[in-house]
Amino acid sequence: MDDRNGIVADFQAITGIDNTGEALMHLSNFNWDLLAAVQHVTPQHTQHLPSEGRSTQLSTPTVMIADDFSGMTASTSNETRRLITIEIEQHGHIIATLKVNDGSTIDDLKTLVYAECNIPCCLQNFNGWPNNQLPSNKDTLSKLNLPDRFKLNLIRGDEDLNQELNGRANLRMFTLNITMEATTSSEYQVYKLSFSSNQTVAQVKEAVANLTKLPISNQQWLGWPHFVTPATTLEESHINYPVHDFKLKPSNSILKHTRRRYNTRLNSVVDMETSDSPMPSSSTSSSSTSSSSSEEDPFEDAAESLSGIDDDDDVDTMFMDTEAPTRIRPLIAEDTEDELAGCIQFIDEFQNRYGDMRPQFFLGTLDQAIKIACFKPAKDKRLLAVYLHHDRSVLSNVFCTQLLCFESVVQYLNTNFLVWGWDMTHPSNRNRILQSASLSLGTMAEITLRAIDINRLPALVLFTRNRSNTEILSVINGDCNISELLSSLINAQEMFAIQQQVEIKEEGERNMREMIKVEQDEAYQQSLAIDRAKEETKRVQEMEEKAIRTQIESQERQVAAEKEAIRQRIVASLPAEPEPGDQVAKIRFRLPLGKFLERRFLASDNLQVLFDYLYINGFSQEEFKVISSWPRRDLTTLGVTQTMKELNLYPQETLTLEER
């Protein structure tokens, strides 16, 4: 980690590039080979380093943009920069120590952290800035008056989100491969970006706009499902997980209009060249073509040309290129890798061939289309319309141009159906869709699709799900007219609506039963939890009482042991009882319960011997007072060194014990 920081610092010192992000980009392109990176940046025709002044602007090589790298502009400032050491801490551990100059921005810092720790820039949030500052990504470190060394705490954006979700499932990360078509000002680019599943379509497009400098209003996407809105999240969009492919190109009304004009003129030629049999009504086709041409606004091309292209040579070149081909490309090439790639190509080529007024074909596999259309709650279900195309059928061009792309048909399909398209022209593509239908819908669906004659293609096959079975509701062949097509679609939708209302009612009843069951289960669980809480409270209370009793018993045992030890010591030191005779005092003790103790003491024995005798018999001075009858005195208040004789307890006396 420190080695890479040193390489970045050396590279910036040699080349004079203050922008850390740009320095990191150059070093990454040459696998951190300092010499190769310096040689690449340094102009080959001069001995002056870039830091000494550049007379020409270096051309930046085309690179693959991945994850959260964004475009960075080079800085060629010659002023001396202060080197700052920043420790990046995460979860209490230092994960990176970075040395950057104070001319770097917060974006540059995030780029360095990404290079060291592989944490995407969009997920990096820093706190702990000195002086409680909250800088923006474009702020330079020099503006913040930072010390030479300090520490920042890194909090990942997905960690914040997990905390906000309070235990909900972790977000999934989608990788979007975005292929941007080449334009006159840029080369073919592939961007590989990562987004969390809760980010919206609008946020994705905004991120791409910031990355490519292509405004959202000029972005033309291929790959989003037709039902998505700017507020739709990636999780709700039903795109492929974990990787999904998109195509992106700048919107260009001139190219679109030219393509429509070219396809309109070329369609009839292509049909005649590719068909195995003559058109059923050549006059109809010719008249429709001439009518379409005559109804075009003769000034429309000129207006778009003036507004879209300034260079006459470019206009001439563009029109020359579009007129040159004699055949249009198939909707799906024969060498298509898989079903998803075929769908992407089908949608792109269908739009190129027939224009923008077309059904919104679903971008995804047939299995995904079935799940989105049919495997939803009853109120959200839709009919699935599978459009099967065949370029060798004489009906294809007329059906697409005059029926399928007719405005009323397009609106009705987009409103009430989920439309999925496939080209069966090549045998390999035909076999692929038959196999996919067999896996997703069953053998009967495959047999039905296989039985459709090529001369009756193209066809719209309408699928619905009744109870637990996905079945074919209707097959609309290409040899119909506009009224028959609309009538078939409306009839199918009305039948589906009746069936849908029955399913909604049944589903509502089923949901009600499930809700009642869930409520009962919740009530039972709550009751069970209350009972368990009561038992737990009782158990804790019993444990506390037991602990108190144990503590008291322990203290009592300790006190008893201490008393017994004192008693044994007193027993050992107590003089033996003397025999009757002179200088012997006879003391009688009246106990609280009416009993008596009697013992002889020497007249020379002091008062302590008497107290010791009482102690070993269970009557300590702390608990009992020893009272003499005449004069009445509390002996426990007297000095223990006085003798029996001095206290007038000789030759005999009766003492009374009273509890304190």
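Here are three short exercises on salt bridges and one sheet in this predicted model.

**Exercise 1.** Find out which strands stand at the edges of the open sheet of 5 strands, and what that leaves on one side of each.

*Solution.* Start with the strand order, which is 15-14-18-16-17, with mixed pairing. Strand 15 (596-602) and strand 17 (633-634) each have a single partner strand, so one side of each is left without a neighbour in the sheet. Next, look at how strand 17 is held: strand 16 (residues 624-628) pairs with strand 17 in the antiparallel sense over 2 bridges. There, Ser628 stands opposite Arg633. Finally, add helix 19 (residues 607-616), which lies across strands 14, 15, 16 and 18 and runs at about 145° to strand 15.

**Exercise 2.** Work out whether Lys247 and Asp348 are buried or partly exposed, and where in the chain they sit.

*Solution.* Begin with the contact: the closest N and O atoms of this salt bridge are 3.7 Å apart. Lys247 belongs to strand 9 and Asp348 to helix 12, 101 residues apart. Now take the accessibilities. Buried means under 20%, so Asp348, at 9%, counts as buried. Lys247 has 32% and is partly exposed. To finish, widen the view: Lys247, Lys249 and Asp348 are linked in a network of salt bridges.

**Exercise 3.** Explain which parts of the chain the salt bridge between Glu349 and Arg329 ties together.

*Solution.* The N to O distance is 2.5 Å. Glu349 lies in helix 12 and Arg329 in the loop between helix 11 and helix 12, so the pair ties together parts 20 residues apart in sequence. Glu349 is buried at 9%, whereas Arg329 is exposed at 55%.

Terms used
Residues numbered from 1 in each chain as written. Predicted model: local features only at pLDDT ≥ 70, side-chain atom pairs only at ≥ 80, totals over all residues. Heavy atoms only, no water. Pairing = 2+ DSSP bridges. Helix = DSSP H or I, 4+ residues; strand = E, 2+ residues; numbered from the N terminus. Contact = heavy atoms within 4.5 Å. Axes fitted to C-alpha atoms, helices over the stretch in contact; angles between N-to-C directions. Salt bridge = Lys/Arg side-chain N within 4 Å of Asp/Glu carboxyl O. Buried < 20%, exposed > 50% of the residue type's maximum accessible area, 1.4 Å probe, protein only.
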